[in-house]
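Q: Please take a close look at one part of this predicted model: the open sheet and what packs around it. I would like a connected account rather than a list.

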Amino acid sequence: MEKIKKLAENILVNSVNLQAGEKIYLEGIGPNTQPLLRALIEKAVELGGIPFYFYNDSSLTNAMLKHTNEDQVKGFSDFHAQIMQQMDVFVGIRSHNNPCNDSDSSEIARKWYNQHFVGNVQLGIRVHNTRWCVMRYPNDVMAYSAGLSNKQFEDFYYKSCLIDYGHMEKCMYPLVELMKKTDKVHIIAPYTDLTFSIAGIGAKACCGHRNIPDGEVFTAPVKDSINGYIRFNTPDYQNGKRFSNVELTFKDGQIVSAKHDGSTQDLLDVINTDDGSRYMGEFALGINPYITRPMGDALFDEKITGSLHMAIGNSLPDAPNGNRSGIHWDLVQIQTPEYGGGEIWFDDVLIRKDGLFVLPELKLLNPENLALWGM
């Protein structure tokens, strides 16, 4: 209970800086979120905030999407948009009992939901108009997916979440500045040879303000600059379906071919969500020293030390490349030796090899310094 209270305090004080009189939208998805949701409500009131709390889970969403039409999905989304527009702060907690449950809805209904609710309410109003933080909360399924006991996963969860984000931010500064000055990025790894520009996009250090756990520095590719191919070696779920070893080929920024270990059509259904879902909206490097292997959840996996990730779809306001979409799907490639290694070059200078930064000014981001970031 003390760890839950500490986590709630960290989120509301450090991550979103809730002030007295501000309206805060607290969303819990999945029954396991209720202890943290209660702690957040109590702490929000204590801080003088005005909470609006919304509970949901996949069975309720599927009940709506099973026989819906687009006007009904749009009406649902418009209602939530009116609420979100009034909010100063948003905190979302996800604890899906089964990430495949989303597959119960039809492809067209899920597409409407992504366009109107995810795209307009979440990626539109919430991302651009509130101070927000999204996170996961541990459950049995997450522990199983990670190959850990419940106790082991709980220990891992709090260690990766309650780290010294202030120190992490200081260590990130040289990488942020380097990204801001960089034009050409070249990624080399097994089944990967990819180039693109990040010139003029900017860069952002993520250290506990938008995600918990956190630990990444992100930018975005210039929209039409990506050429080559890449394989993402970490599995993830989208629309209730599992995708592993996703391979994408690009020409002038656009995805021109795609495959993975399962149904190609399932992958194409995601890529064809809308006009923006054939382009990428993010490029980032993961550095959380306590996350060293896939958990089966992108919010954790994109922070893996020695990893990179790119997102299909919508770009983020802190590093926009102009791409808009109803999806933002992070795909992760781990470059540590256990996963085949790899290299990242900025303007023809090697900055990271096999998951370790090689430039002197970036070496504080390597995991051997994790003792400095402890709880």
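A: What follows starts from the strands of the sheet in this predicted model and moves outwards to the cores, the cysteines and two loops.

The open sheet has five strands in the order β2-β1-β3-β4-β8, and their pairing is parallel. Its edges are β2 (residues 50-56) and β8 (residues 211-212), each of which pairs on one side only. In general, the strands of a sheet pair through backbone hydrogen bonds, in either a parallel or an antiparallel way. Here β8 is joined to β4 (residues 131-136) by two bridges, and these two strands run parallel. Within that pair, M135 stands opposite I212 of β8.

At the other edge, helix α4 lies across β1 (23-29), β2 and β3 (89-94), and its direction makes an angle of about 140° with β1. Helix α4 spans residues 70-84 and contains H80. H80 has a relative accessible area of 4%, so it counts as buried. Leaving out residues up to four places away in sequence, H80 touches Y25, F54, F117 and V121.

Returning to M135 and I212, both are in contact with L7. Beyond neighbours within four places in sequence, the other contacts of L7 are L36, Y157, Y158, C161 and L162. L7 is among the residues with the most contacts inside the largest nonpolar core, along with L248, F283 and M310. That core has 85 residues, and helix α8 (residues 165-181) gives the most to it, with eight residues. A second core is separate from it and has 20 residues, including I83, F90, L123 and I125.

The cysteines need a separate word, as the structure holds zero disulfides. C133 has a relative accessibility of 0% and therefore counts as buried. Its closest cysteine sulfur is in C161, at 9.3 Å from the sulfur of C133, and this is too far for a bond. C207 is also in no disulfide: the nearest cysteine sulfur, in C206, is 7.2 Å away. With a relative accessibility of 4%, C207 counts as buried.

Next come the two loops. The first connects α7 (150-161) to α8 and holds I163. I163 is buried, because its relative accessible area is 8%, below the 20% cut-off for that class. I163 lies 45 residues from G208 in sequence, while their C-alpha atoms are 9.0 Å apart in space.

The second loop, between α10 (298-301) and β16 (307-313), holds K303. Although K303 is a lysine, its relative accessibility is 0%, so it counts as buried. The side chain of K303 makes a polar contact with the side chain of N211, at 3.1 Å. N211 belongs to the edge strand β8 (211-212), so this contact links the loop to the sheet described above. Not counting residues up to four places away in sequence, K303 touches N211, P213, D214, G215, E216, G286, I287, N288 and I291.

Terms used:
Residues numbered from 1 in each chain as written. Predicted model: local features only at pLDDT ≥ 70, side-chain atom pairs only at ≥ 80, totals over all residues. Heavy atoms only, no water. Core = buried A, V, L, I, M, F, W, Y, C linked by side-chain atoms within 4.5 Å. Buried < 20%, exposed > 50% of the residue type's maximum accessible area, 1.4 Å probe, protein only. Helix = DSSP H or I, 4+ residues; strand = E, 2+ residues; numbered from the N terminus. Contact = heavy atoms within 4.5 Å. Disulfide = S-S within 2.5 Å. Polar contact = N/O pair within 3.5 Å; in protein donor to acceptor, adjacent residues only side chain to side chain. Pairing = 2+ DSSP bridges. Axes fitted to C-alpha atoms, helices over the stretch in contact; angles between N-to-C directions.
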